[in-house]
Amino acid sequence: MTTDAIASYHELLTAGSSLAADSQAALDKAQQLRGLQFGTRPVCTVLRPRFLSPHQYRLLHDTVRILLPAFQTVYDRALVDPAFRRQFRLRDWEEELLSIHPGYREPSPTSRFDSFFVSNDELMFTEFNTETPAGAGYSDALSELFYGLPVFQEFQRRFSVWPIPAKPGVLHALMDSFGQWQGNTSDSPRIAILDWREVPTFSEFVLFYDYFKTMGIDARIVDPRDCEYTDGKLMAGDYHITLVYKRVLISELIERGGLEHPVVRAVRDRAVCMVNSFRCKILFKKASLAVLSDEKNARMLSAEQHRAIAGHIPWTRVLEERKTLFEGNEIDLVPWTLKNKDHLVIKPNDDYGGKGIVLGWTVDQQLWEEAVKIALESPHVVQRKVRLPFEAFPSFENGGLQIIDRMLDTNPYVAFGSFMHGCLTRISTEALVNVTAGGGSTVPTFLVEAR
C-alpha cells in the first residue's frame with residue numbers, strides 16, 4: 001500500500017518549515033527552464049508525484065500482458081474479414097487506408113491504455129489509445145525534475161523510489177519498426193516528429209527531439225504542411241525524412257490534406273516508415289472494447305482472456321438498436337440506455353482529449369436523451385460507469401499549502417504491442433480526467449517502498 005508513503009510526504013510539507021514554498025519555487029523554475037508547458041499552462045501543478053506499490057505495478061503489468069493478445073486476436077480477424085470489421089465502424093477512407101502495409105508487424109508499436117485503480121486490487125481499462133499516445137516525454141521529464149525538489153530529497157531518507165520511464169519504449173518501438181521496414185540495409189533513420197506547429201503539445205515534441213539527438217539519431221519537428229513528396233523522397237525543406245514519428249491525428253491529416261497528402265503518398269509507396277501506421281485505427285476505435293466483450297465474439301478468445309476482460313474492462317457496446325446481454329440478462333439496448341443514465345457513459349467512437357464524452361450522472365434526463373439521439377446518428381459507444389479513484393495532492397498557492405482530493409488515472413504505455421513500458425498519471429478536480437480537455441495536471445509516476 002502507498003498510504004504510509006503519501007502520509008509521510010504530506011507531513012514533510014506541513015511541518016511548518018519553508019519546504020513547501022521552496023519546493024514549489026524549484027518546480028516552477030525547473031518547468032519554465034525545460035519548457036514544460038501545455039499551451040500556456042505548466043504541465044504539473046502539484047508537489048507530490050503519483051506513487052505505485054510494487055503490487056500495483058505487477059497487477060498493471062500482468063493485466064496488460066493478458067489483454068494485449070486479445071486485442072491482437074480481434075485486430076487480426078478484422079484486418080482480413082470485412083464483415084467482422086464492420087463492428088469497429090471505420091469510415092470509408094479509413095477502410096481504404098487499411099490496404100497500405102506499414103512494412104512492420106505491429107499496427108501500433110507504441111500505444112497506451114487509459115485505466116483506473118478503483119481499489120488496490122481492482123483495475124479497470126476504459127480506453128486503448130493506439131494512434132497518438134502522448135505524455136511520455138512530459139512524464140519522464142517531470143520524474144527528472146522531482147528528484148531535484150527539496151521535499152522529494154527529504155522523502156527519500158525514509159522511502160526508496162524508482163521512476164517508470166516511458167521514452168525509451170517509444171524510441172525502441174520506433175527503431176524496431178524502422179528496422180523491419182528497411183529490411184537488409186542498415187541506414188540510420190532521419191526522424192520527423194510530425195504534427196501541426198500550433199498544437200499545445202509542441203513542447204513535448206521538443207523533449208523528444210532533444211532525446212533523439214542525445215541518442216545520436218537525426219530528428220526534426222515537422223509540420224505536415226511543410227512536407228513534399230518528390231522523386232520518391234519525403235522532404236521537409238532540405239531534410240529527407242525516412243521515419244515519421246506520427247503525432248498528428250490521421251483524421252486531421254486527411255481532413256486537411258486528403259488521401260493524396262505527401263505523407264500518405266510516401267507511406268503508400270514505401271518511401272517512408274510511419275509509426276504508428278494507418279492500420280492503428282482499427283483498435284483506436286472505442287468500439288474495440290465493445291468487440292472484446294460482446295457475447296457474439298465469445299468463441300474467439302481464451303478462458304484466461306475472458307476472465308481478464310470481465311474483470312478489467314467495463315461493459316461496453318456500440319450504441320444501436322439491438323438486443324444484447326448485460327450481466328447475463330438480455331436487454332433492449334437503446335431503451336435500457338435511456339433508463340440507466342446514472343450508471344453509463346457515452347463516448348464518440350473516434351475522438352480524443354475527452355471530446356464529446358457525456359457522463360450520464362452529471363446531466364439531466366433531457367440532455368442524456370439528446371446525447372443518445374446524437375449517438376444513434378454517428379458511431380458512439382455506451383460504457384458502464386467506472387468508480388473514479390481519489391487521492392489527496394498538495395499544491396502551494398497564494399502563499400499557502402493546500403491538500404485536496406483529486407481524481408487520478410493510471411495509463412500504462414505499451415511497447416512493440418506486447419508489454420508495458422512506462423506509465424502516465426493525470427489528476428483532476430473534474431470528473432473527466434484529461435489534460436487536453438482543458439483541466440487537470442500530469443504528475444510523474446514512481447514505484448515506492450519503505451527503506
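A residue counts as buried when its relative accessible area is under 20%. By that cut-off Phe446, at 0% relative accessibility, is buried. The model described here is predicted. The points below cover its aromatic rings, its nonpolar cores, selected helices and three groups of paired strands.

**Aromatic pairs**

- A pair of aromatic rings is described by the distance of the centres and the angle of the planes.
- There are 24 aromatic pairs in the structure.
- In one of them, the ring centres of Phe152 and Phe446 are 5.0 Å apart and the planes meet at 45°, so this pair is tilted.
- The two residues come from distant parts of the chain, 294 residues apart: Phe152 belongs to helix H7 (residues 150–155) and Phe446 to strand S25 (residues 445–450).
- Phe152 is buried, with a relative accessible area of 0%, and Phe446 is buried at 0% as well.
- Another pair is Tyr211 and Phe212, with centres 6.2 Å apart and planes at 40°, so it is also tilted.
- Tyr211 has a relative accessibility of 16% and therefore counts as buried, while Phe212 is buried at 0%.
- Ring pairs also join residues into a cluster made up of Tyr9, Phe51, Phe146, Tyr147, Phe152, Phe155, Phe159 and Phe446.

**Charges over rings**

- Arg77 has its charged end over the ring of Phe84, at 4.6 Å from the ring centre.
- Arg256 is placed over the face of Trp196, 4.0 Å from the centre of the ring.

**Nonpolar cores**

- In soluble globular proteins, nonpolar side chains tend to be buried together.
- The largest nonpolar core here contains 50 residues, and Phe212 and Ile241 have the most contacts inside it.
- Helix H8 (residues 167–182) supplies the largest share of this core, with five residues.
- A second core, separate from that one, has 35 residues, among them Leu59, Ile164, Ile282 and Met420.
- Leaving out residues up to four places away in sequence, Phe212 touches Leu171, Leu174, Ile191, Ile193, Ile217, Ala219 and Tyr245.

**Helices H6 and H10**

- Ser139 lies in helix H6 (residues 136–146) and is buried, with a relative accessible area of 1%.
- Apart from neighbours within four places in sequence, Ser139 is in contact with Cys423, Leu424 and Pro444.
- Helix H10 spans residues 250–257, and its buried residues are Ile250, Ser251, Glu252, Leu253 and Ile254.
- These buried residues of H10 pack against four elements: helix H5 (92–97), strand S12 (243–246), helix H11 (262–268) and helix H12 (281–284).
- After H10 comes Gly258, which has a positive phi near 75°.

**The S15–S16 hairpin**

- Strand S15 (residues 323–326) and strand S16 (residues 329–332) are paired antiparallel over four bridges.
- The two strands form a hairpin with two residues between them, and Glu327 in the turn has a positive phi of about 50°.
- Across the pairing, Leu325 is opposite Glu330 in S16.
- Side chains alternate along S15: Thr324 and Phe326 point to one face and are buried, whereas Lys323 and Leu325 point to the other face and are not buried.

**The sheet S9-S10-S11**

- Three strands, in the order S9-S10-S11, make an open sheet with antiparallel pairing.
- Its edge strands are S9 (227–230) and S11 (239–241), each of which pairs on one side only.
- From one strand to the next, the twist averages 40°.
- S9 and S10 (residues 233–236) run antiparallel and are joined by four bridges.
- Glu228 has Met235 in S10 as its bridge partner.

**The sheet S14-S19-S17-S18**

- Four strands, in the order S14-S19-S17-S18, form an open sheet, and the pairing is antiparallel.
- The edges are S14 (316–318) and S18 (358–359), each pairing on one side only.
- S17 (residues 344–348) is paired antiparallel with S18 over two bridges, and Val345 is opposite Leu359 in S18.
- Helix H16 (residues 365–377) lies across S17, S18 and S19 (380–384), and runs at about 40° to S17.

Definitions and conventions
Residues numbered from 1 in each chain as written. Predicted model: local features only at pLDDT ≥ 70, side-chain atom pairs only at ≥ 80, totals over all residues. Heavy atoms only, no water. Phe/Tyr/Trp six-rings, centres within 6.5 Å; stacked < 30°, edge-to-face > 60°. Buried < 20%, exposed > 50% of the residue type's maximum accessible area, 1.4 Å probe, protein only. Lys NZ or Arg CZ within 6 Å of the ring centre and 35° of its normal. Contact = heavy atoms within 4.5 Å. Pairing = 2+ DSSP bridges. Core = buried A, V, L, I, M, F, W, Y, C linked by side-chain atoms within 4.5 Å. Axes fitted to C-alpha atoms, helices over the stretch in contact; angles between N-to-C directions.
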